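Thanks for making the time this morning. I would like to walk you slowly through one structure, starting with a single packing arrangement and working outward from there.

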Amino acid sequence: MEKTATQLRNERYSKYVDAVSPQTSAVKSLLHSFVLGGITCVIAQIVNDLFALAMPATEKEMIATFTLMTMVTVAIFLTGLGVFDKLARFGGAGLFLPITGFANAISSASMEFKAEGLIFGTSTKMFSVVGPVVVNGVVWSTLAGIIHLIIFGRIM
Amino acid sequence: MEILNKLLTYLIVFAVGGAFCLVAQILIIKTKLTPARILVIFLVAGIALEAVGAFRYIKEFAKAGATIPIVGFGAALAKGAIEMARSVGFVGAFAGGLVNTAFGIGVAVVASFVVTLIFSPKSK
């Protein structure tokens with residue numbers, strides 16, 4: 001079948017995009033994301049250990065929750081200061097796969113639409129990036145809970 | 001000895017956390033999936049790992065290296081849903097995931113709102 005003019009143009013365009021987009025070396029970006037991802041997790045572990053030292057009576061689960069909340073808050077403030085975007089450009093998946101990326105996605109969407117107002121801008125668009133994560137998380141975890149109940153437990 | 005153990009723990013955390021991100025970066029480069037899709041893939045993987053009971057061992061081994069990547073978020077969702085389903089019955093499955101992750105989501109929403117009030121987006 002003959003290719004339509006649109007298809008040909010699209011092909012030419014994607015070749016052009018490949019040609020002009022900056023060629024970051026793949027190995028380098030892999031190394032960056034490994035190192036930054038590792039560092040992010042080690043920082044979280046250190047925060048976790050410090051919390052455990054400061055509050056020896058608190059449950060382990062609660063300490064892990066405090067750690068998560070700290071990481072999220074720090075990532076959001078770094079986003080506000082504009083530091084996170086610079087780090088993320090360097091670290092690739094190393095910064096957006098950890099929970100810091102989740103936090104960054106919420107706060108950057110919310111800041112981006114500040115100009116449209118706090119209700120219809122910020123509040124509406126806040127979950128525009130992480131929406132898929134929350135929706136899929138709730139759907140599949142509910143399914144997991146129900147299946148678990150059917151196999152291992154009693155209904156009601 | 002204590003110090004050595006601690007260092008070994010940090011090394012494992014670094015390696016496992018880094019490895020998750022490495023896999024994600026490979027996916028980005030090789031498949032050109034969008035970041036949102038990769039987040040969802042890792043999230044669902046976390047839910048599946050927790051549902052079959054494997055995540056508990058990964059968490060014991062790698063600590064923050066397993067819980068901080070989005071895989072841990074998925075596992076927390078599944079853990080909450082399963083625990084609540086077992087304690088209050090069928091309807092618990094709908095609430096448990098959100099209940100268990102509400103700390104993170106709640107602080108993310110509030111902090112984002114506050115940060116939006118304080119800062120203006122930087123022009124690129």
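Let me begin with helix H8 of chain A, whose buried residues pack against H6 of chain A together with H2, H5 and H6 of chain B. Please keep in mind throughout that what is on the screen is a predicted model. The buried residues of H8(A) are Val133(A), Gly137(A), Trp140(A), Ser141(A), Thr142(A), Ala144(A), Gly145(A), His148(A) and Leu149(A). The helix itself has 22 residues and reaches 31 Å from its first C-alpha to its last, which is close to the 32 Å expected at 1.5 Å a residue.

Now let us cross over to chain B and take H6(B), one of the helices that H8(A) packs against. H6(B) has 27 residues, and from first C-alpha to last it reaches 38 Å, close to the 39 Å expected at 1.5 Å a residue. Where does H6(B) bend? The bend is at Ala102(B), and it amounts to about 60°. Several residues of H6(B) are buried, among them Gly92(B), Ala93(B), Gly96(B), Gly97(B), Asn100(B) and Thr101(B), and further along Ile105(B), Ala108(B) and Ala111(B). What covers these buried residues includes helices H3, H6, H7 and H8 of chain A, together with H5 of chain B.

I would like to pause on one residue there, Gly96(B), which lies in helix H6, residues 92–118, of chain B. Why does Gly96(B) count as buried? The cut-off is 20 or more other C-beta atoms within 10 Å, and Gly96(B) has 26 C-beta neighbours inside 10 Å, so it counts as buried. Leaving aside residues up to four places away in sequence, Gly96(B) touches Gly145(A) from the other chain, and from its own chain Gly80(B), Ala81(B), Ile82(B), Glu83(B), Met84(B) and Ala85(B). Gly145(A), you will remember, is one of the buried residues of H8(A). As for Ala76(B), it is 20 residues from Gly96(B) in sequence and 9.5 Å from it in space, C-alpha to C-alpha.

That leads us to H5(B), which covers residues 70–88. H5(B) has 19 residues and reaches 27 Å from its first C-alpha to its last, close to the 27 Å expected at 1.5 Å a residue. This helix is mostly covered, with 15 of its 19 residues buried. Just after H5(B) comes Gly89(B), which takes a positive phi of about 100°.

Let me now widen the view to the contact between the chains, which takes 62 residues from chain B and 61 residues from chain A. On the side of chain B that touches chain A, helices H1, H2, H4, H5 and H6 each supply at least two residues, and H6(B) gives the most, with 17 residues. By class, that side of chain B has 45 nonpolar, 14 polar and 3 charged residues.

One more local detail in chain B is Lys63(B), which lies in the loop between H3 and H4. Its phi is near 50°, a positive value in a residue other than glycine. Lys63(B) also counts as buried, because it has 23 C-beta neighbours inside 10 Å.

Turning to the chains as wholes, chain A has 8 helices and 0 strands. Its radius of gyration is 21 Å, well over the 15 Å that the globule rule gives for 156 residues, so chain A is more spread out than a compact globule. Of those 156 residues, 40% count as buried. Chain B, for its part, has 6 helices and 0 strands. The radius of gyration of chain B is 17 Å, well over the 14 Å that the globule rule gives for 124 residues, so chain B too is more spread out than a compact globule. Of the 124 residues of chain B, 48% count as buried.

Finally, a word on confidence. The mean pLDDT of chain B is 88, and 98% of its residues reach 70 or more. Among the elements of chain B, H4(B) has the lowest mean pLDDT, at 88, and H6(B) the highest, at 92. For the complex, the predictor gives an ipTM of 0.88 and a pTM of 0.83. Where pLDDT is low, the predicted coordinates should not be read in detail.

How values were computed
Residues are numbered from 1 along each chain as its sequence is written. Chains are lettered from A and ligands numbered from 1 in the order in which they are written. This is a predicted model: local features need pLDDT of at least 70, side-chain atom pairs count only at pLDDT 80 or more; totals for chains, interfaces and linings use all residues. Helices (H or I, at least four residues) and strands (E, at least two) are DSSP runs, numbered from the N terminus. A residue is buried if 20 or more other C-beta atoms lie within 10 Å of its own, exposed if 12 or fewer, and partly exposed in between; C-beta atoms are placed from the backbone. Two residues are in contact if their C-beta atoms, placed from the backbone, lie within 7 Å. Ala, Val, Leu, Ile, Met, Phe, Trp, Tyr, Cys and Pro count as nonpolar, Asp, Glu, Lys and Arg as charged, and the others, Gly among them, as polar. The expected span of a helix is 1.5 Å times one less than its number of residues. The bend at a residue is the angle between axes fitted to the seven residues ending there and the seven starting there. The radius of gyration is taken over C-alpha atoms; the globule rule is 2.2 Å times the number of residues to the power 0.38. pLDDT is the predictor's confidence in each residue, from 0 to 100.
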